[in-house]
Each structure stands twice: as C-alpha cells, then as structure tokens.
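Here are some short exercises to work through with the model open on your screen. Try each task before you read its solution.

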Amino acid sequence: MEGTAKDVPRPVSASRSELAELMNPAYANIQGNVHGGHILKLIDECCGLCAVRHSRSACVTVSMDSVSFVQPVRIGDVLTLRAELSWVGAKAMEAEVEVYSEKPTTGVRTLTNRAHAVYVAVDENGRPKPVAPLLIETAEQRARFEAGALRQQARLEARAREKARASAPTDPTTTR
Ligand SMILES: CC(C)(COP(=O)(O)OP(=O)(O)OC[C@H]1O[C@@H](n2cnc3c(N)ncnc32)[C@H](O)[C@@H]1OP(=O)(O)O)[C@@H](O)C(=O)NCCC(=O)NCCS
C-alpha cells in the first residue's frame with residue numbers, strides 16, 4: 001500500500017523555527033525586566049510552530065516542562081528563539097527551544113532559557129490525530145530523540161499518577 005503524507009517521515013530541518021522580537025516596555029515590569037509570562041508565550045509560539053509545520057495540522061499544547069530563567073531580559077533587548085522537534089510519537093511531538101537575549105547596542109548575546117514543550121495534532125473536533133514520523137539524520141538528533149522519549153515517558157507516568165489522585169476517594173477530614 002502506498003504511504004500517505006502523514007506516514008512519510010519528515011526531517012527535523014523541515015519544521016525548525018525561529019522567532020525574534022524586540023522587547024518593548026509593554027512586556028516589562030516597572031524595573032524594566034520582561035515578564036516571565038511573556039517569554040513563556042513566545043516559547044509556546046515558537047515550539048508550537050514546529051509542531052504545526054511538522055504535522056501540517058492544528059495542534060494544542062499538552063505540556064511545558066519546567067523553564068528556568070537564567071538571566072533577566074530587559075527592555076530594548078532582542079529576544080531570539082530557536083526551536084526544533086526533538087521527539088515525535090504517534091500523535092504527540094516534543095520541541096526543544098533555546099532563547100537568547102541580545103543587547104543590540106553591544107552585540108552581546110546570552111542564553112536566557114532552555115525548555116521543552118509537547119504538542120498534539122488535533123482534527124476539526126479537537127481529537128488527537130496521527131502525525132508523520134520524525135526522520136533522524138544525525139547522531140545528535142538520535143541522542144535528542146532518545147532523551148525526548150525518556151522525558152515523554154516521565155510525563156505520561158506523571159499524568160497517570162495525577163489521574164489516579166483525581167479519581168481517588170477524598171477524605172472529608174483532611175484538607176488535601
Ligand atoms: C490534547 C488532548 C486532545 C489529548 O486528549 P487525550 O484524550 O488525552 O488523548 P490521548 O490520551 O489519546 O493522547 C494523545 C497523545 O497526546 C499525548 N499526551 C496526552 N497528554 C499528555 C501530556 N500531559 N504530556 C505529554 N503527552 C501527552 C499522548 O501520549 C498521545 O500521544 P502519542 O499517541 O504520541 O502517544 C486533550 O488532552 C486536550 O484537549 N487537552 C487540552 C489542550 C489545550 O487546551 N491546550 C492549551 C491551549 S492550546
């Protein structure tokens with residue numbers, strides 16, 4: 001049987017995404033530091049773009065791993081985000097992103113964040129649908145894929161624990 005578009009593996013390079021944005025005062029607190037929430041939104045947009053490009057489909061975010069803020073981002077900095085898919089399952093896709101902040105007056109560039117986020121391709125009813133496999137072309141991509149598979153396993157275990165906790169009978173004599 002001939003493969004359909006969704007069965008044909010797609011290389012990492014086909015969905016690699018980059019966003020750049022000048023940080024203006026609307027994104028910052030009164031000390032001039034950009035809100036973490038604004039950076040999280042950009043991370044979601046850049047990683048989500050990889051998922052949409054790979055799956056050629058609408059996608060929803062299902063998980064964002066803990067994000068550390070290594071350096072403050074200031075008004076006037078240019079934030080650049082580079083994301084690519086690190087792991088792809090049957091319906092879920094993990095993207096890895098690096099965020100750099102550049103002072104355009106000096107050219108000094110620093111890594112401010114690194115994060116992973118997971119997306120699921122959905123049909124018109126919002127139900128998960130299959131995506132193309134990821135074509136692994138280098139040893140580095142293979143190592144990333146294997147690390148992503150381990151992270152995904154940990155996420156699904158955490159989700160199962162959360163579901164079990166939510167469905168466990170509650171004891172009215174305790175607060176949690
Ligand atoms: C995404 C959604 C449709 C999945 O529905 P579901 O009934 O849980 O579907 P499934 O259990 O079949 O999981 C579908 C895929 O998502 C993955 N997945 C689901 N929850 C996950 C989580 N918390 N972390 C990582 N992967 C997850 C599953 O592993 C599966 O991928 P696979 O087929 O590659 O193994 C549903 O959870 C949803 O609508 N969530 C809300 C999404 C949202 O509103 N996001 C914010 C705005 S975009």
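**Exercise 1. Place S86 in this predicted model: find its element, decide whether it is buried or exposed, and list its contacts.**

Solution. Start with the secondary structure: S86 lies in strand β4. Next, take the accessibility. S86 has a relative accessibility of 2%, and buried means under 20%, so S86 counts as buried. Now look for side-chain partners: S86 and E94 are joined by a polar contact of 2.6 Å between their side chains. Then widen the view, leaving aside neighbours within four places in sequence. S86 is in contact with E94, A95, E96, H116, L134, R144, F145 and R151. Finally, check a C-alpha distance: S86 and A147 are 61 residues apart along the chain, and their C-alpha atoms are separated by 8.4 Å.

**Exercise 2. Do the same for S17: which strand holds this residue, and which side chain does it meet in a polar contact?**

Solution. S17 is found in strand β2, which covers residues 17-22. With a relative accessibility of 4%, S17 counts as buried. Its side chain makes a polar contact of 2.9 Å with the side chain of R53. Setting aside residues up to four places away in sequence, S17 touches C46, L49, C50, R53, L81, R82 and A83.

**Exercise 3. Find what V78 touches, and compare sequence separation with distance in space for V78 and E102.**

Solution. First, the element: V78 lies in strand β4. Along the chain, V78 and E102 are 24 residues apart, while their C-alpha atoms are separated by 5.1 Å. Not counting residues up to four places away, V78 touches E21, L22, Y100, S101, E102 and P104. To put this in the setting of the chain, consider contacts between residues at least 6 apart in sequence: 71% of them join residues at least 24 apart.

**Exercise 4. Describe the largest nonpolar core: how many residues does it have, and which elements supply it?**

Solution. Begin with the count: the largest nonpolar core has 34 residues. Those with the most contacts inside it are I43, C47, M93 and V97. Now trace the contributors. At least two residues each come from α1 (36-55), β4 (78-88), β5 (92-103) and β6 (108-121). The largest share, seven residues, comes from α1. As background, nonpolar side chains tend to be buried together in soluble globular proteins.

**Exercise 5. Look for charges over rings, and count the aromatic pairs.**

Solution. Take the arginines in turn. The charged end of R109 sits over the ring of Y100, 4.1 Å from its centre. The charged end of R142 sits over the ring of F145, 5.8 Å from its centre. For rings paired with rings, the count is zero.

**Exercise 6. Examine R56: where does this residue lie, and what is notable about its phi?**

Solution. R56 lies in the loop between α1 and β3 (59-64). Its phi is positive, about 50°, although R56 is not a glycine. R56 has a relative accessible area of 61%, so this residue is exposed.

**Exercise 7. Step back and summarise the whole chain: how many helices and strands are there, and in what order do they run?**

Solution. The protein chain has two helices and seven strands. From the N terminus on, these elements run β-β-α-β-β-β-β-β-α. Of the 176 residues, 37% are buried. An unreviewed UniProt entry lists residues 13-125 as "domain: HotDog ACOT-type". Over residues 13-125, the chain is 18% helix and 43% strand.

How values were computed:
Residues numbered from 1 in each chain as written. Predicted model: local features only at pLDDT ≥ 70, side-chain atom pairs only at ≥ 80, totals over all residues. Heavy atoms only, no water. Helix = DSSP H or I, 4+ residues; strand = E, 2+ residues; numbered from the N terminus. Buried < 20%, exposed > 50% of the residue type's maximum accessible area, 1.4 Å probe, protein only. Polar contact = N/O pair within 3.5 Å; in protein donor to acceptor, adjacent residues only side chain to side chain. Contact = heavy atoms within 4.5 Å. Phe/Tyr/Trp six-rings, centres within 6.5 Å; stacked < 30°, edge-to-face > 60°. Lys NZ or Arg CZ within 6 Å of the ring centre and 35° of its normal. Core = buried A, V, L, I, M, F, W, Y, C linked by side-chain atoms within 4.5 Å. UniProt positions renumbered as here; feature names shortened; annotations may be inferred.
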